[in-house]
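This report describes how the parts of one protein chain are arranged, from its domains and sheets to a helix pair and a ligand site.

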Amino acid sequence: MSKYIKDRTPQIVTIGEDQHDLACEKKSAAGSVSQRACVFCGSRVVLYPIADALHLVHGPIGCAAYTWDIRGAMSSGPQLHRLSFSTDLREKDVVFGGEKKLYSALTELIESYKPEAVFIYSTCIVGVIGDDVEAVARRLSNETGVDVLPVMSEGFKGTKKDGYKAACDALMKLVGTDDNYLPPKYSINILGDFNLAGELWILAEYYKRIGVEIIACLTGDGRVEQVRKCHKASLNVVQCSGSMMHVAKEMEKKYDIPFKKVSYFGIEDMSDALYEVAQHFNDPELMANARTLVSEEIAKLIPALQPYRQKLEGKKAAIYVGGAFKAISLVKALRLLGMQTVVVGSQTGNKDDYNLLQKICDKGTVIVDDSNPNELSDFVKQTGADLFIGGVKERPIAYKLGLGFCDHNHERKEALAGFVGMLNFAKEVYASVCSPVWKFIQK
Ligand code: SF4
């Protein structure tokens, strides 16, 4: 452990070797070039899938380019979210302030695009020069009648997780603004699914088959009008708890809506997600429908997975993703393919997630919070991993080390949720790990 930055050692544990509890939920250590994204990026990845809202980045052009279309979030209708608007703040604005520029940009954009709502994202420089984004938003809301919502996400003010909270705070200003809606008998909201590669549509079909209707998905394939009425649902089903737990807790407090934390990755967790929702409504018909759905899907899936399992049996995987809850599902899904997880970590995991990871992983597995490229490269080499599962920042690490890579982050274009997603996952892992190209790499 001595070769890692001293401040980082509490955030690294090897099962069976280290005795200490894993430290987490801390600011990144200076000099460690964290894999984490900034606060602004955290808020943008959460809100960006609301497809009929206008998203304006108040800051230099680089912040907007860095997060442009950052999620593979698909929309079944409007595509306004895919445009990356920025006030393009420059030296002159830093000296004289950017409020006028923000006001005139938004006046023009609202006139041209007539959005259902507007999100203004504050970036580092806005925090430094002190523009009053809230006052500009208020003025524009009054003048145009469109909800203009400031997202207080100055990049430097915390971790990516603080960006999630800033996004939730902005979202809560819209929740409950339509009180006239009459909800169906069994209704839920899905929180923390981002409709990557159309995954929400797979889940919506499952829920429909068991007899449950989705009022809103926050925020995948999202619409402002759904957010306004989602307080009428009977249950909030939270997938990405890191990003959306704050909204779930606020809605429980304000509207008395309970929530359940689920995962849609892998057979076990997908089945549990359906059973838990059926159980909540306490209707035997819903539970019977869920059981039928699960057994039908598993009967198709297991034989289809078999050829991939044969090729992948005994291979080792390293995982580094945004939230640790997703990593737990991935460890189980890899086990189903006969693979062992040897490194696992996340950008924003909490104590409960890491405790569970320590319980389910094998002896010798390295568990790490808020890692950096040097550490990850070392762990992968030490443990002899054949596959790296991560996002855009981990891809080059994997390829430079000459091992297979599977994108399981918000940039991906492959649906990996649900039963059909498990098969896609097996195909992708197989194609990457067993690619003949690795024969030509000198390790
Ligand atoms: S908000 Fe700050 S840290 Fe984030 S991309 Fe912009 S300049 Fe970089």
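Two strands are taken to pair if DSSP finds at least two bridges between them. In this predicted model, that criterion gives an open sheet of four strands in the order β7-β6-β8-β9, with parallel pairing. Strands β7 (213-218) and β9 (259-261) form its edges, each pairing on one side only. From one strand to the next, the twist averages 25°. Within this sheet, strand β6 (residues 187-191) runs parallel to strand β8 (residues 235-238), and four bridges join them. Residue N189 stands opposite N236 of β8.

A further open sheet of four strands, likewise with parallel pairing, follows the order β3-β2-β4-β5. Its edges are β3 (85-86) and β5 (147-151); each has a single partner strand, so one side of each is left without a neighbour in the sheet. Strand β2 (residues 53-58) pairs with β3 in the parallel sense over two bridges, and V57 has S86 as its bridge partner in β3.

Two helices are associated with the β3-β2-β4-β5 sheet. Helix α4 (residues 99-113) lies across β2, β3, β4 (117-122) and β5. Helix α6 (residues 133-144) packs on the sheet and touches β2, β4 and β5. Their directions relative to individual strands are listed below.

| Helix | Reference strand | Angle |
|---|---|---|
| α4 (residues 99-113) | β2 | about 160° |
| α6 (residues 133-144) | β5 | about 170° |

A helix pair forms another packing unit. Helix α11 (residues 267-281) packs against helix α12 (residues 284-312) at an angle of about 170°, and their axes are 8 Å apart. Because angles over 145 degrees count as roughly antiparallel, α11 is described as roughly antiparallel to α12. On the α11 side, the contact involves I267, S271, L274, Y275, A278, Q279 and F281; these meet residues of α12 including L286, M287, A290, R291 and L293. By class, the contact of α11 with α12 has 13 nonpolar, two polar and one charged residues.

At the level of the whole chain, the assignment distinguishes domain 1 (39-174), domain 2 (187-292) and domain 3 (313-412). The C-alpha centres of domain 2 and domain 3 are 26 Å apart. Between these two domains, 12 residues of domain 2 are in contact with 11 residues of domain 3.

Which residues lie around the ligand? They are C38, F40, C63, Y66, T123, C124 and G155. This shell divides into five nonpolar and two polar residues, with no charged residue.

Technical notes
Residues numbered from 1 in each chain as written. Predicted model: local features only at pLDDT ≥ 70, side-chain atom pairs only at ≥ 80, totals over all residues. Heavy atoms only, no water. Axes fitted to C-alpha atoms, helices over the stretch in contact; angles between N-to-C directions. Parallel < 35°, antiparallel > 145°, perpendicular 65-115°, else oblique. Contact = heavy atoms within 4.5 Å. Nonpolar A, V, L, I, M, F, W, Y, C, P; charged D, E, K, R; others polar. Near = heavy atom within 4 Å. Domains from an automatic or database assignment.
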